[in-house]
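The following exercises concern model confidence, the principal pocket and aromatic contacts. Each task is followed by a worked solution.

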Amino acid sequence: MTRSEGRAARIVLDVYIGLFLVYLFAPLVVMSVAAFNAYPYPSVTQWRGFTLEWFPALFRDERLMRGLFNSIVIAFGVIALSIPFGLAGALVLHRLQSRAGGLLYAIMVSPVLMPGLIIGLSTLIFWRHFSVPGGLFLAMVAQASFIASYCMLMFLARLERFDLTLEEAALDLGASKAMVMRRILFPYLRPTAITASAIAFLQSFENYNTTVFSIGGDWTLVTEVGSRLRFGLSPVVNVVGVVFVVLTVAVATLYVLLSRRHVASDARAS
């Protein structure tokens, strides 16, 4: 490749990356700007002046606040269900050395490929036979049925790099299997468990299709926003987006800083 061809390829790549970033962040910018517009509907073209009135209005909106609380409760419930089930599935698949492993893997991953509305409806129909109505508990179960598969895949990827000779050495030295799990395997999987918990929380918090069919008369923040689309939104919804964008950036920045500090401390220790 000549120098001119390399320069042209670099320009094309830079233009592509620029367009991708615009496509990715332009909706967030428009949404954020609309949250500060005095116009009573989300808009950036009909500007009525800068205002902060929609931020206190968010906290006065009882249904959105209740939906936020329900979303957080469901998300933590999903974590409590998905992490143990995902870990158990990963351990089984990692230890299973037979042809049945491929079939079992396909079965345990299938919820990820299934439409959310099918999962929500099937969960509601199944638990109705046990007189369990739609609600927060059923939303947790429905979401965990496919989010656990994501957690399982993350644990399985981590276990593929695990050195089984560590377990064999511990067992030869007299350690019980429970001690091996507690002292060797669980510490090794702890970083993955933290990451999987974060993924499970986000997957649960933003889920709509599965939740709307299994939550019954209750609601989450996402389902409440979705129901309001039929009647027209207010800039309060834009404020919700701004708050979560700020929180996401803050948490991501904190995670990067802590990760760098951890790497630096490990380098000094070595």
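**Exercise 1.** Identify which helix has the lowest mean pLDDT and which the highest.

*Solution.* The model is predicted: local features need pLDDT of at least 70, side-chain atom pairs count only at pLDDT 80 or more, and totals for chains, interfaces and linings use all residues. Residues are numbered from 1 along each chain as its sequence is written, and side-chain values use heavy atoms, with hydrogens and water left out.
- Step 1. The pLDDT is the predictor's confidence in each residue, from 0 to 100; the chain averages 86, and 95% of the residues score at least 70.
- Step 2. Elements are DSSP runs numbered from the N terminus (helices: H or I, at least four residues; strands: E, at least two).
- Step 3. Among them, helix H11 (residues 235-269) has the lowest mean, 78, and helix H6 (residues 136-159) the highest, 93.

**Exercise 2.** Describe the largest pocket and its lining.

*Solution.*
- Step 1. On a 1 Å grid over the protein atoms alone, a pocket is an open set of points where a 1.4 Å probe fits, with protein on both sides within 12 Å along at least five of seven lines; lining residues have an atom within 4 Å of a point.
- Step 2. The volume of the largest pocket is about 1,200 Å³, taken as the space filled by probe spheres set on the points, which are joined across faces, edges and corners.
- Step 3. The lining has 34 residues, of which Phe201, Leu202, Phe205, Phe244 and Thr248 are the closest to the centre of the pocket.
- Step 4. H11 contributes the most to this lining, with 13 residues.

**Exercise 3.** Which two helices does the aromatic pair of phenylalanine 76 and phenylalanine 201 link?

*Solution.*
- Step 1. Rings of Phe, Tyr and Trp (its six-membered ring) pair if their centres lie within 6.5 Å; planes under 30 degrees apart count as stacked, over 60 as edge-to-face and the rest as tilted. The whole structure has 12 such pairs.
- Step 2. Phenylalanine 76 and phenylalanine 201 are 5.6 Å apart centre to centre, with 65° between the planes, and form an edge-to-face pair.
- Step 3. Phenylalanine 76 lies in helix H3 and phenylalanine 201 in helix H8, 125 residues apart, and the pair thus links distant parts of the chain.
- Step 4. Phe76, Phe201, Phe205 and Phe244 form one aromatic cluster.
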